[in-house]
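Trainee: I have a structure here that is new to me. Could we walk through it together, one question at a time?

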Amino acid sequence: MDRKYLDAGQIVSSHGIRGEIKILPWADSPEFLLDFDTVYIDGKPFAVENSRVQKTCVLMKLKDVDTVEAATLLRTKVVRIDRTNVEPEDGAVFIADLIGCRCIDEGGNEFGILKDVLTMPSSDVYEIRGEHEYLIPAVKEFVKEINVNERFVKIHLIEGFRTDEN
């Protein structure tokens, strides 16, 4: 991979009077962020002194961020993690690695670029744009192969995936 860091969440506010930050995580669960000793903000590493889950967010105390004012300056910043510190489960890939992948049909014909992954109750849905737009459920019946190293996703296309079809 050419990207060293993964976007993990956004700082939405300060918390308390000792400089804690409140992070809205961009992961399947907020507990994911509790496993890191270092996070990166604007490319600068910050040691994590402690962290805990509060509802859907993570409250985190960073070394050298000791006041409300210092924490407030970080508001709206993106929190990143070093991808080498993350081991995805077997078969899992990071959404950040899917965005921008070429989408090909089973014949090898490219029909678009994966622009977004929409999280829906039953499954994720891939939003693909090319000459046409497609919404494709991210399930094994339709997603036949994902190769993030070669930057492609092989899709079994059926009628109804094109959003501009009548």
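Trainee: Which residue in E5 is the bridge partner of Val48?

Mentor: Keep in mind that this is a predicted model. E4 covers residues 44-54, and strand E5 covers residues 57-62. The two pair in the antiparallel sense over six bridges. In E5, the bridge partner of Val48 is Leu62.

Trainee: And E3, on how many bridges does its pairing with E4 rest?

Mentor: Here the sense is antiparallel again, and one bridge joins Thr38 to Ala47 in E4. In the hairpin of E3 and E4, two residues sit between the strands, and Asp42 has a positive phi near 55°. The number of bridges between E3 and E4 is four.

Trainee: Which residue in E6 stands opposite Tyr40?

Mentor: E3 also pairs with strand E6, residues 78-82. That pairing is antiparallel, over two bridges. Standing opposite Tyr40 in E6 is Arg80.

Trainee: In what order do the six strands close into a barrel?

Mentor: We've already met some of the pairs: E4 with E5, E3 with E4, and E3 with E6. The pairing in the barrel is antiparallel, and the twist averages 45° from one strand to the next. The order is E1-E2-E5-E4-E3-E6.

Trainee: Let's look at a loop. Is Ala27 buried, partly exposed or exposed?

Mentor: Ala27 lies in the loop between strand E2 (20-25) and strand E3 (38-41). Its relative accessible area is 32%. Buried would need under 20% and exposed over 50%, so Ala27 counts as partly exposed.

Trainee: How far apart in space are Ala27 and Lys77?

Mentor: In sequence, Ala27 and Lys77 are 50 residues apart. Going from C-alpha to C-alpha, the separation in space is 16 Å.

Trainee: There's an open sheet too. Which strands are its edge strands?

Mentor: The open sheet has six strands in the order E10-E9-E8-E7-E12-E11, with mixed pairing. Neighbouring strands of this sheet are turned by 30° against each other on average, direction ignored. An edge strand pairs on one side only, and that fits strand E10 (133-137) and strand E11 (143-147).

Trainee: Which residue in E10 is the bridge partner of Arg129?

Mentor: Strand E9 spans residues 124-129 and runs antiparallel to E10. Five bridges join E9 and E10. For Arg129, the partner in E10 is Glu133.

Trainee: What about Asp105: which side chain of opposite charge is nearest to it?

Mentor: Asp105 lies in strand E7, residues 102-105, and is buried. A salt bridge needs the charged atoms within 4 Å, but the nearest side chain of opposite charge is 8.2 Å away, so Asp105 has no salt bridge. That nearest side chain belongs to Lys154.

Trainee: Then which backbone nitrogens does the side chain of Asp105 reach at 2.9 Å?

Mentor: One of them is in Gly107, at 2.9 Å from the side chain of Asp105. Another 2.9 Å separation links a polar atom of that side chain to a second backbone nitrogen. So within the 3.5 Å limit for a polar contact, we have the backbone nitrogens of Gly107 and Asn109.

Trainee: To finish, how many helices and strands are there in the protein?

Mentor: From the N terminus on, the elements run β-β-β-β-β-α-β-α-β-β-β-β-β-β. Among the 166 residues, 35% are buried. The count is two helices and 12 strands.

Technical notes:
Residues are numbered from 1 along each chain as its sequence is written. This is a predicted model: local features need pLDDT of at least 70, side-chain atom pairs count only at pLDDT 80 or more; totals for chains, interfaces and linings use all residues. Side-chain values use heavy atoms; hydrogens and water are left out. Buried means under 20% relative accessible area, exposed over 50%, partly exposed in between (1.4 Å probe, protein chains only). Lys and Arg count as positive and Asp and Glu as negative; His and the chain ends are not counted. A polar contact is a pair of N or O atoms within 3.5 Å; within protein, one must be able to donate a hydrogen and the other to accept it, and residues adjacent in sequence count only if both atoms are side-chain atoms. Two strands pair if DSSP finds at least two bridges between them. Axes are lines fitted to C-alpha atoms, for helices over the stretch in contact, and angles run from 0 to 180 degrees between N-to-C directions.
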